[in-house]
Amino acid sequence: MARGREGDPRSADRHGEASRDTVAARALEFLEPLYATALRLTRNAADAEDLVQDTFVKALRFSDRFTPGTNLKAWLYTILLNTWRNRRRDAAREAVDIDSPRVEEAASGGEGPAALDTPEQILLRATVRDDLQAALDTLPEAFREAVWLRDVEEFTYAEIAEMVGIPIGTVMSRISRGRRLLYERLSLSRGQADAEGRLTR
Amino acid sequence: MMNDDCRRTAERLSSYVDNELPAGEQADVERHLNACPPCRTAATHESGARAIVREQAHRLTDIPLPPGLRTRCEALAREHAQASAPSVFSSRRFAPLTAVMTLVVGFLLFSLATHRSDTVLAAQLTADHAKCFRFFAKNASSDADARRVEQMLQTDYGWDLHVPPSSSANGVRLRGARRCLYADGSLPHIMYDVGGHDVSLFVLDGVTRPAADLVSLGHRSRIWMAGRRTYVLVWPVAAGDMTVAARYVREEAR
């Protein structure tokens, strides 16, 4: 697992130049997944490009804090998520408490549309990548992030908890709610999905 | 209706769907799901979405990088490798920076742009020059209005610049401007047409570095300083003599 967060003085011990150069070289291998993730987080190509470059620059600058032999990908994602969160905090837009029961209600589908399709039907429709991407993009950010890290990047609950800086129970509940909400979004027609948009914000 | 059983099930639902519960708990959850239709529906939905996303994961991540991003990162990595070698400035000037978590982009741009070599600077800007013209100025047939470009740079990015306008006497046509990513900051990139050739003016705000004139990747980069800014004019070597246009831009830019 990655050692420490940015700015954590405990993790400031020095490693050799060789490992630093390896971090730089190996980090280049993760540009594509980092960019795909940045794009889903920001939902905007220019912001995603900025975010990945920022992440890369920080990875280089803090490369002596990376512990060789640990998960470099998780370490890079931690930087990416921290950087994004800092920017978002500056923008201070997320007003809804994402882990509140109210959001749970929205995600539970209990009072939702009665006739949902079967997973098979939805799967058929979602084989167009853009549809799934669009549905993911309608999720509240915390849910989208959790589902993405778990089901696309296949990080463990513990890794996600450390990356995002939340308790593991919250990670699991976000994944669960996020998946169920995504299922609903996929089962709704585009027009309905827009009408339901109020649930997400 | 949510009772305690439902709540306990909800807490374990993602682990259940991910098949990560110990066998005993897995059976507990299953028992509840068999008895409770709403929870069963939730589990079906959750595992359905999980299957769909995982099925499509490779396509969701199969997204090409924006042009130039990899090149920029590679250049940064090379530069970092050089700076990490026993060097005069990396430990002295960059070490205090690493202690600061919130980074002031302007300052970083300043330090990076100040310390990187002319060659790296010229190569980077030449790459941006080619990229921006290819993707952003391809279809700009008419001249751009300098005042409007200035307003755009001001309102969109907060840059206060005087943009040299088109000048038929000097053979210079303003095509437009955009923001270019540079190191971990960004900088204004003003695009011109001179005699049918693409010419770029980059402005590094708050950066001072000595004047230089060099050729990189088939392009000439002329670097000069005025006020607290460094300007870099980039044009293809094949464009031939650019003396008149270059002098005009240099006198106008501020």
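Okay, let's start in the loop between α2 (31-42) and α3 (45-61) of chain A, because that's where A:Arg43 lies. This is a predicted model, by the way, so keep that in mind throughout. A:Arg43 has a positive phi of about 60°, although it is not a glycine. Is A:Arg43 buried or exposed? Somewhere in the middle: there are 15 C-beta neighbours inside 10 Å, so A:Arg43 counts as partly exposed.

Chain A has another residue to put beside that. Look at A:Glu154, in the loop between α8 (141-152) and α9 (157-164) of chain A. Again this is not a glycine, and again phi is positive, at about 55°. Here the count is 10 C-beta neighbours inside 10 Å, and the cut-off for exposed is 12 or fewer, so A:Glu154 counts as exposed.

Now over to chain B. Its secondary structure comes to nine helices and six strands. Of the 254 residues in chain B, 34% are buried. And if you take contacts between residues at least 6 apart in the sequence of chain B, 59% of them join residues at least 24 apart.

Let's do some helices. Find α1, residues 4-17 of chain B, and α2, residues 23-35 of chain B. Their axes come within 10 Å and cross at roughly 125°. An angle like that makes α1(B) and α2(B) oblique to each other, and their crossing is left-handed. Which residues meet there? From α1(B) you have B:Asp5, B:Thr9, B:Arg12 and B:Tyr16, and from α2(B) they meet B:Glu25, B:Gln26, B:Val29 and B:His32.

Next, jump to α9 of chain B, residues 243-252, and colour in B:Ala245, B:Ala246 and B:Val249, which are buried. Those residues cover an arc of only 100° around the axis, which puts them on the same side of α9(B). Spin the helix round to the face turned away from that buried side, and you'll see the exposed residues B:Thr243, B:Arg247 and B:Glu251.

Right, strands. I'd walk through these by following the chain. Begin at β3 of chain B, residues 197-205, which is mostly covered, with seven of its nine residues buried. Hold on to that one, we'll come back to it.

Then there's β4, residues 212-216 of chain B, and β5, residues 219-226 of chain B; they run antiparallel and are joined by five bridges. One of the pairs is B:Val215, whose bridge partner in β5(B) is B:Arg220. The two strands form a hairpin with two residues between them, and B:Leu217 in the turn has a positive phi of about 50°.

Keep going and you reach β6 of chain B, residues 229-236, which runs antiparallel to β5(B), with eight bridges joining them. Here's B:Arg220 again, this time standing opposite B:Trp235 in β6(B). The hairpin of β5(B) and β6(B) has two residues between the strands as well, and B:Gly227 takes a positive phi near 60° there.

So what does β3(B) pair with? Six bridges join β3(B) to β6(B), and those strands run antiparallel. To find the spot on screen, look for B:Leu204, whose bridge partner in β6(B) is B:Thr230.

One last thing to carry over to the strands you've just traced: in a regular strand the side chains alternate between the two faces of the sheet. That's my bit, over to you.

Definitions and conventions:
Residues numbered from 1 in each chain as written. Chains lettered and ligands numbered in written order. Predicted model: local features only at pLDDT ≥ 70, side-chain atom pairs only at ≥ 80, totals over all residues. Buried ≥ 20, exposed ≤ 12 C-beta atoms within 10 Å, placed from the backbone. Helix = DSSP H or I, 4+ residues; strand = E, 2+ residues; numbered from the N terminus. Arc of directions from axis to C-beta. Pairing = 2+ DSSP bridges. Axes fitted to C-alpha atoms, helices over the stretch in contact; angles between N-to-C directions. Parallel < 35°, antiparallel > 145°, perpendicular 65-115°, else oblique. Left-handed = near helix turned anticlockwise from the far one by under 90°. Contact = placed C-beta atoms within 7 Å.
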